Amino acid sequence: MPQDSLFVSRTVPVLVPTPSERPYTYAVPEGMEVEPGAIVAVPLGPRTVAGVVWDDDRKDEVDPKKLRAIERVFDCPPLSADMRRFVDWVARYTLSAPGMVARMVLRVPAAFDPEPAVPGLRRTEVLPERMTPARARVLELATGCLGWTRSGLAHAAGVSLSVVDGLTKAGVFEEIELPPMPVVAAPDPDYAGARLSEDQRAAADSLRVPVEEGGFSATLLEGVTGSGKTEVYFEAIAAALEAGKQVLVLLPEIALTHSFLERFHDRFGAPPAEWHSEIAPKARERVWRQVADGRVRVVAGARSALFLPFSELGLIVVDEEHDPAYKQEDRVFYHARDMAVVRAHIGGFPMILSSATPSVETRYNAENGRYRHVRLSRRFAEAAMPEIAAIDMRRTPPARGRFLAPPLLKAIGETLERGEQSLLFLNRRGYAPLTLCRVCGHRFQCSDCSSWLVEHRFRGVLMCHHCGHHEPVPEACPECGTLDHLVACGPGIERIAEEVVQAFPDARTIVLSSDMLGGVKRLRLELEAIEKGDVDIVIGTQLVAKGHNFPNMTLVGVVDADLGLANGDPRAAERTFQLLSQVTGRAGRTGKKSLGLIQTFQPEHPAMRAIVSGDGEAFYGNQIAERERGHLPPFGRLASIIVSANSRAEAETHGRALRAAAPVGEIMVLGPAEAPLALIRGRHRFRLLVHGPERANIQAFLRAMIGNAPRPRGSVRVSVDVDPQSF
Ligand code: ADP
Ligand code: ZN
């Protein structure tokens with residue numbers, strides 16, 4: 001439509017998926033109905049994009065000649081007012097462009113229009129006059145009132161299309177329209193009913209109350225691994241379903257969703273809809289669409305599920321709320337747990353944070369009464385917590401060139417003899433984290449990143465874990481040319497596996513990590529094999545640390561408990577405590593006596609002491625006090641700014657300019673200093689840390705600082721991380 005002949009009845013703001021700070025103004029053609037939240041197709045430069053009609057009442061002065069019109073309104077429920085407020089809120093909090101947050105909502109273009117109905121066939125009462133074996137096969141299949149597609153029926157019966165067409169001509173089938181998408185069965189709150197112990201019942205009742213009463217609240221559900229937190233929050237989900245609400249369950253790890261789906265299915269008679277990066281495109285469209293129109297009642301998903309277009313959301317559960325995987329550190333830097341609290345607050349409904357080892361922030365909020373606090377203090381049934389001991393690596397070191405200390409090897413042997421399973425945990429993929437030449441000392445380093453190349457012996461490559469670069473392991477040192485003098489330094493899980501196979505050649509051993517070939521499917525099979533008892537010793541990274549229930553696993557050995565403490569991050573102790581609790585929690589889930597052994601050079605470290613004694617209370621007390629002394633979150637505000645560029649000098653110069661542009665006041669800026677990973681994929685990185693008191697408006701400060709500084713030029717990029725997870 002030529003623009004000047006357009007009869008414009010009015011204009012509306014439309015938020016489009018670009019880094020623009022504001023919605024753009026578009027004309028609404030005569031006769032078109034749009035309301036706030038409507039998803040519309042609009043011209044943007046040479047393209048057409050999907051945007052959302054926004055509720056911005058600022059009047060833009062747009063030259064009527066330049067005004068472009070909405071092309072069409074998608075046949076899709078509008079984005080709710082709550083979702084729109086949420087998008088704005090996330091944008092303001094994270095200092096992102098609202099359009100970039102909207103982009104996370106609008107990622108599924110094919111779902112905006114309902115799929116057209118599919119032509120299909122339905123059986124009538126008519127019987128064919130002439131019967132053939134092929135016709136008989138078709139009739140045998142096509143009973144009942146279900147519709148078939150023409151080709152689907154022919155394929156299922158193993159006959160040609162002409163057989164089906166012949167029957168249709170004879171009046172045996174009538175042509176109908178099939179619904180385009182299978183309608184997912186709705187979870188039924190009464191399906192299996194709760195099966196709870198007395199403790200669990202009390203906790204479940206306490207979780208149901210806010211759901212039944214409505215209104216915002218956040219509840220920390222804290223209970224040791226195996227206490228039945230999932231069973232308990234299922235009752236809150238049941239209450240929300242009874243109240244006609246949609247429910248979102250956030251899970252940190254795709255590998256965990258499978259067993260969750262099964263348990264959910266057992267309880268509610270239907271699975272929840274899944275949402276994560278491994279979902280096939282067709283299924284994504286279906287889920288998005290059915291969340292929007294209300295057919296999907298429960299979604300279990302990764303952090304991005306927060307941006308699904310729910311219209312009747314009434315409960316969010318964040319499982320393993322302390323998990324670092326909830327933080328997105330790309331484009332829009334957000335923490336899904338924190339944003340889930342915001343989403344519930346905006347929607348005026350309750351949310352639940354579940355964990356055996358809550359984050360210090362959440363624990364503090366529960367202690368000071370901002371969050372409700374519901375506890376489960378015992379494992380379900382007879383299951384006892386594993387007994388945990390530290391192995392002091394200074395006193396009982398492993399043999400030369402080995403990594404498993406004698407007490408751990410002994411325990412593995414005993415576990416094997418009892419016919420039970422062991423898990424050896426090391427959060428390090430590959431064979432060895434560093435390879436060097438014995439003759440000249442050359443170290444293999446990634447040319448694009450400041451990191452060592454990790455040897456992956458099963459694959460025969462040296463690999464960079466930051467950019468994925470890999471090269472064959474050379475026979476000769478590239479520096480001095482000496483043959484066969486490369487040495488592997490330190491262990492990765494492949495090397496531990498080698499040691500285990502040498503020590504226990506008859507045991508069935510398996511290595512599990514994220515770079516295992518075969519992806520999620522293979523992992524699922526392996527996990528099932530472990531559950532069934534087809535494996536004696538599992539060697540794995542954090543992939544096996546979380547969530548799984550291995551009934552026959554009675555020994556967990558942590559190969560290097562100090563690994564996470566090396567970097568001097570104030571959150572290191574907390575993370576170590578969380579990870580080790582979780583890993584050792586894999587042991588003894590079904591009542592057998594179980595043991596957790598932790599190899600450490602610092603058994604006196606508070607995190608190790610807390611794990612061994614099982615005294616989380618004292619540990620949290622200390623952590624909170626330490627944060628308070630350092631004015632760190634939740635007693636202070638933090639942000640980190642990463643400046644990256646193709647050259648080191650450019651990055652540093654812009655970092656300095658940012659610092660110089662900082663307003664003077666109670667908020668401090670540290671740096672620029674080289675970021676912990678100073679080079680990634682060929683980009684040099686500098687970091688500024690912004691630290692202010694709890695009451696500070698850190699967003700206003702950052703905005704002023706970035707606004708006052710010169711605009712980044714050339715290859716310079718600035719990314720802001722409010723509430724960084726490592727600092
Ligand atoms: P958590 O999330 O606290 O680690 P889960 O909810 O995963 O605990 O429960 C641990 C195990 O105990 C699961 O296998 C679960 O099926 C089982 N379980 C917990 N509570 C019950 C119950 N009331 N009845 C039967 N099995 C239960
Ligand atoms: Zn690299």
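Which helix contributes the largest share of the shell around ligand 1? In this predicted model, that share, three residues, comes from helix H7, which spans residues 229–242. The shell as a whole holds 14 residues, and the closest to ligand 1 are Gly228, Lys229, Thr230, Glu231 and Phe380. By character, the residues of this shell divide into two nonpolar, nine polar and three charged.

Helix H7 also packs against helix H6 (residues 198–213), and this pairing can be set beside that of helix H1 (residues 81–94) with helix H10 (residues 336–347). The table gives the geometry of each pair.

| Helix pair | Angle between axes | Axis separation | Handedness of crossing |
|---|---|---|---|
| H6 and H7 | about 30 degrees | 8 Å | right-handed |
| H1 and H10 | roughly 140 degrees | within 10 Å | right-handed |

Because angles under 35 degrees count as roughly parallel, H6 and H7 are described as roughly parallel to each other. On the H6 side, the residues that meet H7 are Gln200, Ala203, Ala204, Leu207, Arg208, Val211 and Glu212, while H7 brings Glu231, Val232, Tyr233, Glu235, Ala236, Ala239 and Ala240 to the contact. The residues of this contact divide into nine nonpolar, one polar and four charged. Glu231 of H7, which takes part in the contact with H6, is also listed among the closest residues to ligand 1.

For the second pair, the axes of H1 and H10 cross at roughly 140 degrees, and that makes H1 oblique to H10. Here Asp82, Arg85, Phe86, Trp89 and Val90 in H1 meet Met339, Val342, Arg343, Ile346 and Gly347 in H10, and the residues of this contact divide into six nonpolar, one polar and three charged.

Turning to burial, helix H2 (residues 98–105) is largely enclosed by the rest of the structure, because seven of its eight residues are buried. Those buried residues are Pro98, Gly99, Val101, Ala102, Arg103, Met104 and Val105.

A single residue, Thr257, can be followed in similar terms. Thr257 lies in helix H8, which covers residues 254–268, and it counts as buried because 25 C-beta neighbours fall inside 10 Å, where 20 or more are required. Leaving aside residues up to four places away in sequence, Thr257 touches Leu251, Glu274, His276 and Ala300. The C-alpha atom of Thr257 is separated by 35 Å from that of Pro407, a residue 150 residues apart from it along the chain.

Conventions
Residues numbered from 1 in each chain as written. Chains lettered and ligands numbered in written order. Predicted model: local features only at pLDDT ≥ 70, side-chain atom pairs only at ≥ 80, totals over all residues. Near = placed C-beta within 6 Å. Helix = DSSP H or I, 4+ residues; strand = E, 2+ residues; numbered from the N terminus. Nonpolar A, V, L, I, M, F, W, Y, C, P; charged D, E, K, R; others polar. Axes fitted to C-alpha atoms, helices over the stretch in contact; angles between N-to-C directions. Parallel < 35°, antiparallel > 145°, perpendicular 65-115°, else oblique. Left-handed = near helix turned anticlockwise from the far one by under 90°. Contact = placed C-beta atoms within 7 Å. Buried ≥ 20, exposed ≤ 12 C-beta atoms within 10 Å, placed from the backbone.
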